[in-house]
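Please examine the sequence and the structure shown below. The briefing that follows takes up one residue, a nonpolar core, a chain and an interface in turn.

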Amino acid sequence: MERIQDRDVRFAVQEHLLHMLLVLGLAGDASAYHRFLKELSAHLRAYFRKRLFHRPDDVEDLVQETLLAVHNQRHTYRTDQPLTAWMHAIARYKLIDLLRSNAGREALTEPLDDELEVFAASDTDAADAKRDLGKLLAGLPDRQRLPIMHVKLEGLSVVEAAQLTGMSESAIKIGVHRGLKALATQIRGSL
Amino acid sequence: MKTDELVSLLAAGAAPVPANTVGHRFAAALGWGIPGAVLLLTGTFGLRADLLQAAGELTFWMKLVFAGGLAIAALFAAERLARPGVRVGRGWAALAAPVLALWLYSAVVLLQSAPAQRAALVLGSTWNSCPFNIAMISLPLFAATFWAMKGLAPTRLALAGASAGLLAGALATLVYALHCPESAAPFMAVWYVLGIAIPTVAGALLGQRVLRW
């Protein structure tokens, strides 16, 4: 009984912390948002590992896809809503989406369990993703790729990126936004 | 790309997110969907000639209350279905209420009228065009509500699509009432409801394909 209460308390504290970090992040605090996503990825990994135990090589891809979805859809979170409900609904949606889209293919290909287990055994925490988002990113059109590269990867400000590329500031912002959406669409296409 | 790198990428320079973007998105959708539907109505069917006179009749206002009530309930449901982990809850009852009230009232009207008049009360003079007219008027609204839903995060796609279609259908009925010459409740109970059902079903079917994210 005490153990259960203890777990409940830890869970509540954890949710409270994540909620606080996300609220700060939505207000524009990038470092709080970074911590939120980092904590979240660990939770998502545990969640998906438990549910994809017979295909562990899909876990990291799904973690990444879900992180991207959380980021792209973060405007649908209302701060007075329980974070667990929002997060669980997204994770579940992405999991079902993966299982559904692979249901047809599964019957066709024989899973290479033996060989994969060798690599799986060397995994400690975060496994390598099968799908390389960096490659998908490189395939985006310049008007999306350049803003993401300069603002998101090199850490330039929107103003600096605009000066460097000759694009307008709003084009930079739109490019980042649409580029990350396009990335999510490509992931769905590549499943 | 490793997951930690993705986290850094997503967090870098993350701009503030304005509050209540879901509400604003639906407001924007209705802001050009409703004028679009009114334009379509005036450009095709036109307003009913006796609109001013009709505005003094109870049945005209009954139409507006029915369609308006349904639209408000549909907007409530759509706004909730657009956000992950939010239940529609009592919203389902709010959706059913306008339709059930209309059906109940129509049943009373039919029972109180002479048997020979009943068919005329149900069929009116435009029964074979009314549902399709409503569906047509709903097209600009349908595009608008789907655009709104597409930019959000529904996790139950068929229901979310249906709610967007229902919202479009109910608002289209509101607009169509400016043209429709019918004045009997039993007519509305069948053909208006059928007209609203067309975009609703279309929304459910389309939602499963179009609303994925």
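Leaving aside neighbours within four places in sequence, with which residues is Ala170(B) in contact? The residues are Ala67(B), Leu70(B), Ala71(B), Ala74(B) and Ile196(B); two residues are in contact if their C-beta atoms, placed from the backbone, lie within 7 Å. This is a predicted model, in which local features need pLDDT of at least 70 and side-chain atom pairs count only at pLDDT 80 or more, while totals for chains, interfaces and linings use all residues. Residues are numbered from 1 along each chain as its sequence is written, and chains are lettered from A and ligands numbered from 1 in the order in which they are written.

**Nonpolar core**
- The largest nonpolar core (buried Ala, Val, Leu, Ile, Met, Phe, Trp, Tyr and Cys residues joined through C-beta atoms within 7 Å) has 107 residues, and Ala170(B) is among those that touch the most other members.
- Helix H8 (residues 157–176) of chain B contributes the most to this core, namely 13 residues; helices are DSSP runs (H or I) of at least four residues, and strands (E) of at least two, numbered from the N terminus.

**Chain B**
- Chain B contains nine helices and zero strands.
- Of its 213 residues, 46% are buried, that is, 20 or more other C-beta atoms lie within 10 Å of their own, placed from the backbone.

**Interface**
- In chain A, 39 residues are in contact with 27 residues of chain B.
- The side of chain A that touches chain B comprises 19 nonpolar, 13 polar and seven charged residues; Ala, Val, Leu, Ile, Met, Phe, Trp, Tyr, Cys and Pro count as nonpolar, Asp, Glu, Lys and Arg as charged, and the others, Gly among them, as polar.

Methods. A residue is buried if 20 or more other C-beta atoms lie within 10 Å of its own, exposed if 12 or fewer, and partly exposed in between; C-beta atoms are placed from the backbone.
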